[in-house]
Amino acid sequence: SLEHYEQWVEYYKRNLGKFIPDNKEIKILDVGCAIGLAMYALQKMGYKYVKGIDISPELVEIAKKRGLDVELVENSMEFLKENKNQFDIVLALDVLEHIPKNELLEFLRHINQSLKERGKFICTVPNANSTFASRWRYGDWTHHTSFTEDSIKFVLLNSGFKKVNVYEIEFFTKPKYPFIIRKSVIQYLLFKSIRLLRRLEAVVELGAVGKEIPLSLNIMVIAEK
């Protein structure tokens, strides 16, 4: 439904907006776009060229009904091979964990080659540091792996990217009017308290490294060509 698309707009504005250039004319490709939730949000943000590809006929049909520029492909790598140096931004949101390890480096190299010079690759992946890492990893039968901040940097740097930064990506947001006690405020305060305990646990177990590791369910990664 349109309501479902609209519900995700603020999430993507908050988490993608700060990493994407203000220039609304840039070319953005969403690999494994599914029904196009991120694409819809980017269009709402004013970006004029947002293209998606996916291998699922059912998902592509839903995205097209929403008026999104989505192409059904048999093989994403073949599409990337045929579109070298074309895009300013390539997205792969909750995609890399579905790719077998023996294909992942090649897939990422093709993404690198599809980017213009100094273009950015933005992805989200399951965070293996999370409390619920095992559930996040095995909850979907098609998942092949999860990532720590180190393992995702390893595969991206070995795929030709020059600079990689990793960030926590949260589904929780600070409620408006946090001084008014209600369910959302209590839930947020509990979330922050438990996350603090997890941070202390990480420091005790891992030392100084524990101060920096991301603890969110997913991590967002920004890699520059």
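Ile-186 counts as partly exposed in this predicted model, because its relative accessibility of 43% lies between the 20% and 50% cut-offs. The residue sits in helix α8. On the surface, Ile-186 joins Ile-181, Leu-190 and Ile-194 in a nonpolar patch, and together the four have about 410 Å² of accessible area.

Stay with helix α8 for a moment, since it also leads us to a pocket. This helix covers residues 183-206 and gives the most to the lining of the second largest pocket, namely four residues. The space in that pocket comes to about 320 Å³. Its lining has 14 residues, and those nearest the centre are Phe-132, Phe-172, Phe-191, Arg-195 and Leu-217. Sorted by class, eight of the lining residues are nonpolar, three are polar and three are charged.

Now let us turn to the largest pocket. Rolling a probe the size of a water molecule over the atoms shows where empty space is left. For the largest pocket, the volume is about 1,000 Å³. It is lined by 41 residues, with Gly-32, Leu-93, Asp-94, Val-95 and His-98 closest to its centre. Many elements take part: among those that supply at least two lining residues each are β1 (27-31), α2 (37-44), α5 (101-114) and β7 (218-224). The most comes from α1, with five residues. By class, the lining holds 23 nonpolar, 11 polar and seven charged residues.

Asp-94, one of the residues closest to the centre of the largest pocket, deserves a second look. Its place is in the loop between β4 (87-93) and α5, and with a relative accessible area of 37% it is partly exposed. Its backbone is worth checking too. Most residues other than glycine have a negative phi. For Asp-94, however, phi is positive, near 60 degrees.

Ala-34 likewise has a positive phi, near 55 degrees, although it is not a glycine. You will find Ala-34 in the loop between β1 and α2. With 26% relative accessibility, this alanine counts as partly exposed.

Beyond that loop comes helix α2, which contains Leu-37. Is Leu-37 buried or exposed? Leu-37 is buried, because its relative accessible area is 14% and buried means under 20%. One contact in space is worth tracing here: the C-alpha atoms of Leu-37 and Tyr-5 are 5.8 Å apart, while the two residues are 32 residues apart in sequence.

Definitions and conventions
Residues are numbered from 1 along each chain as its sequence is written. This is a predicted model: local features need pLDDT of at least 70, side-chain atom pairs count only at pLDDT 80 or more; totals for chains, interfaces and linings use all residues. Side-chain values use heavy atoms; hydrogens and water are left out. On a 1 Å grid over the protein atoms alone, a cavity is a set of points where a 1.4 Å probe fits but cannot get out, and a pocket is an open set with protein on both sides within 12 Å along at least five of seven lines; lining residues have an atom within 4 Å of a point. Grid points are joined across faces, edges and corners, and a volume is the space filled by probe spheres set on the points. Ala, Val, Leu, Ile, Met, Phe, Trp, Tyr, Cys and Pro count as nonpolar, Asp, Glu, Lys and Arg as charged, and the others, Gly among them, as polar. Patches are made of residues with over 30% relative accessible area and no salt bridge: like charges are joined within 9 Å, nonpolar side chains (Val, Leu, Ile, Met, Phe, Trp, Tyr) within 5 Å. Accessible areas come from the Shrake-Rupley method with a 1.4 Å probe; for residues, only the protein chains shown count as cover. A salt bridge is a side-chain nitrogen of Lys or Arg within 4 Å of a carboxyl oxygen of Asp or Glu. Buried means under 20% relative accessible area, exposed over 50%, partly exposed in between (1.4 Å probe, protein chains only).
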